[in-house]
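Please read the points below with the model open beside you. They deal with open and enclosed space, two residues in loops, and one pair of helices.

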Amino acid sequence: MSRQNVRWGLLSTARINERLIPPMRACERSELVAIASRTQSKADAYASEWAIPKAYGSYQAMLDAPDIDAVYISLPNSLHAQWCVQAAAAGKHILCEKPLALSTEEVDHIDTAVRQHNVILQEGAMYRYHVQTANVCELIASGVIGEVRAVNGTFTFVLDNPGDFRLEPDLGGGSLWDVGSYPVSFIRTVLDAEPTAVAAVQATDARGIDLSLTGLLSFAGGVSGRFFCSFATLPRWHAEIIGNAGRIELDHPWLNNIGEPAHLHITTVSPDASKSMFGDNVTEQVTERLRYENVNPYSDEVEAMVGAILDGKAPVISLASSRGNIAALVALYRAAREGTVVPLS
């Protein structure tokens, strides 16, 4: 495109916008110009609160505006696919909050629209854009922990907010769609593979929303991924990759605590370690720590979109990757519902 900056519009007044507004304003080639809501009064109030120049009383009105290049979609999960397609039809580039859709069929409709209208779309799984995630993949590829045998992840908090869309079945609510999508994505990303089968158990509320879910993903070669997600337990975020020669632990794998440092702990056995009877000597292990200061993956997310739009850089998260994650999440829900192992092609 000929312009030297990307003009953004926010499609919805969701609270998550608060994470994206500062990066959109801080990025040198980015400017936030508009907000859209379902009513003009709500859009006007939000624009006033956040000093956004233009306010639109409908989503389509903003999409029809010629002075907007890209939109950030932060609607409830059930509306992501519809408005991704409509944004693409309007010629807008798209950053859509995760999960991108609620079925692989919806992802395919989005893919068709994006290709037809030649726009860029990326899913807003913020942790994928930060260098920590790239470093983990590089470390695994380097062989520092040997052959990976298992990947584990946890993402939980207590959601005590009646009426929250994440607790609404018709809006794509559920802990797996929300916090569970991160460890599933992480497991697939660090293994650079898709699961061959999944299994899951869940604890639901009276309307069938999964408040907690434990999932198991099987990969070729006997490699496994295991995770726990919940709206009903003490806040916890952690991930580890276990190999036959070491392990990598992440204290902030999803990088959702802006401004706090994040760490990678890389543990291997000292070259001079003695052999124990069962190979279980832990006294001669060596741990290296990598520290990432003042983490804000949303800034990386915005920069990646701007780079893709203005410089033609490859998307960090491809549509194929987003589709793979949706396929795994759908299969996990089926496995939990039916109490069976669900194979994936």
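Throughout this note, contact means heavy atoms within 4.5 Å. This is a predicted model, in which local features need pLDDT of at least 70 and side-chain atom pairs count only at pLDDT 80 or more, while totals for chains, interfaces and linings use all residues. Residues are numbered from 1 along each chain as its sequence is written, and side-chain values use heavy atoms, with hydrogens and water left out.

1. Asn77 lies in the loop between strand S4 (70-73) and H4, helices (H or I, at least four residues) and strands (E, at least two) being DSSP runs numbered from the N terminus. Leaving aside neighbours within four places in sequence, Asn77 is in contact with Lys98, Pro99, Leu102, Phe165, Leu171, Gly172 and Trp177. Its relative accessibility is 5%, so Asn77 counts as buried (under 20% relative accessible area, with a 1.4 Å probe and protein chains only).

2. Thr13 is likewise a loop residue, placed between strand S1 (6-11) and H1, and is buried, with a relative accessible area of 18%. Beyond neighbours within four places in sequence, Thr13 is in contact with Ile35, Ala36, Ser37, Lys42 and Tyr46.

3. The axes of helix H4 (residues 80-89) and helix H5 (residues 104-117) come within 8 Å and cross at roughly 10°, the axes being lines fitted to C-alpha atoms over the stretch in contact and the angles running from 0 to 180 degrees between N-to-C directions. H4 is therefore roughly parallel to H5, a term used for angles under 35 degrees. On the H4 side the contact is made by Ala81, Cys84, Val85, Ala88 and Ala89, and on the H5 side by Glu106, His109, Ile110, Ala113, Val114 and His117.

4. The largest pocket (an open set of points on a 1 Å grid over the protein atoms alone, with protein on both sides within 12 Å along at least five of seven lines) holds about 1200 Å³ of space, a volume being the space filled by probe spheres set on the points. Its lining (residues with an atom within 4 Å of a point) comprises 35 residues, of which Ala14, Arg15, Ile16, Phe165 and Arg166 lie nearest the centre. H7 gives the most to this lining, with 3 residues.

5. There is 1 cavity of 30 Å³ or more, where a cavity is a set of points at which a 1.4 Å probe fits but cannot get out. The largest cavity holds about 70 Å³ of space, and H7 gives the most to its lining, with 4 residues.

Notes. Buried < 20%, exposed > 50% of the residue type's maximum accessible area, 1.4 Å probe, protein only. Parallel < 35°, antiparallel > 145°, perpendicular 65-115°, else oblique.
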